[in-house]
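The exercises below are meant to be worked with the sequence and the coordinates side by side. Each task is followed by a solution that proceeds step by step.

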Amino acid sequence: MDGSETPEREREQALLEHLRDLIDEAGQGGAARQLGVDRKTLCC
């Protein structure tokens with residue numbers, strides 16, 4: 001940590017990284033099904 005990110009921000013970044021990995025592996029539709037959300041929720 002370089003001192004500019006809070007622990008909360010670091011957790012958020014880690015979660016987003018995991019989400020991107022899931023989308024890469026399962027595709028947008030597959031990731032949405034696994035998470036129980038509409039695929040449009042994961043758009044962009």
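The expected span of a helix is taken as 1.5 Å times one less than its number of residues. The model used here is a predicted one, and this expected span is the yardstick for the first exercise.

**Exercise 1. Find how many helices and strands the protein has, and work out how the end-to-end distance of helix α1 compares with that of a straight helix.**

Step 1. The protein contains 1 helix and 0 strands, and its C-alpha atoms fill a box of roughly 35 × 15 × 15 Å along the principal axes.

Step 2. Helix α1 covers residues 7–35, which is 29 residues; at 1.5 Å a residue, a straight helix would reach 42 Å.

Step 3. In the model, the end C-alpha atoms of α1 are only 24 Å apart, short of that straight-helix value.

Step 4. Looking along α1 for a change of direction, one finds a kink of about 110 degrees centred on G27. Beyond the end of the helix, α1 is followed by G36, whose phi is positive, near 75 degrees.

**Exercise 2. Determine what share of the protein is buried, and which residues of α1 are buried.**

Step 1. A residue counts as buried when its relative accessible area is under 20%, and as exposed when that area is over 50%.

Step 2. By this criterion, 11% of the 44 residues in the protein are buried, and in α1 the buried residues are L22, G30, A31 and A32.

Step 3. The protein as a whole exposes about 3,800 Å², of which carbon and sulfur atoms supply 48%.

Step 4. Other positions in the helix can be classified in turn: H18, in α1, is exposed because its relative accessibility is 55%, and Q34, also in α1, is exposed because its relative accessible area is 58%. Q28, likewise a residue of α1, is partly exposed, since its value is 32%.

**Exercise 3. Identify the residues that form a salt bridge, and place them in the helix.**

Step 1. Among the side chains, 6 are positive and 10 are negative, and the centres of the two sets lie 10 Å apart.

Step 2. The structure holds 1 salt bridge, formed by R9 and E12, with their closest N and O atoms 3.0 Å apart; this satisfies the cut-off, because a salt bridge requires the nitrogen and the carboxyl oxygen to be within 4 Å.

Step 3. Both partners belong to helix α1 and are 3 residues apart, about one turn of the helix.

Step 4. R9 is partly exposed because its relative accessible area is 40%, and E12 is partly exposed because its relative accessibility is 38%.

**Exercise 4. For the pairs H18 and R33, Q34 and E10, and Q28 and T41, set the separation along the chain beside the C-alpha distance.**

Step 1. H18 and R33 are 15 residues apart along the chain, and their C-alpha atoms are separated by 16 Å.

Step 2. Q34 and E10 are 24 residues apart in sequence, with a C-alpha to C-alpha distance of 24 Å.

Step 3. Q28 and T41 are 13 residues apart along the chain, and 9.5 Å separates their C-alpha atoms.

Conventions:
Residues are numbered from 1 along each chain as its sequence is written. This is a predicted model: local features need pLDDT of at least 70, side-chain atom pairs count only at pLDDT 80 or more; totals for chains, interfaces and linings use all residues. Side-chain values use heavy atoms; hydrogens and water are left out. Helices (H or I, at least four residues) and strands (E, at least two) are DSSP runs, numbered from the N terminus. Buried means under 20% relative accessible area, exposed over 50%, partly exposed in between (1.4 Å probe, protein chains only). Accessible areas come from the Shrake-Rupley method with a 1.4 Å probe; for residues, only the protein chains shown count as cover. Lys and Arg count as positive and Asp and Glu as negative; His and the chain ends are not counted. The place of a charge is taken as NZ of Lys, CZ of Arg, CG of Asp or CD of Glu. The bend at a residue is the angle between axes fitted to the seven residues ending there and the seven starting there. A salt bridge is a side-chain nitrogen of Lys or Arg within 4 Å of a carboxyl oxygen of Asp or Glu.
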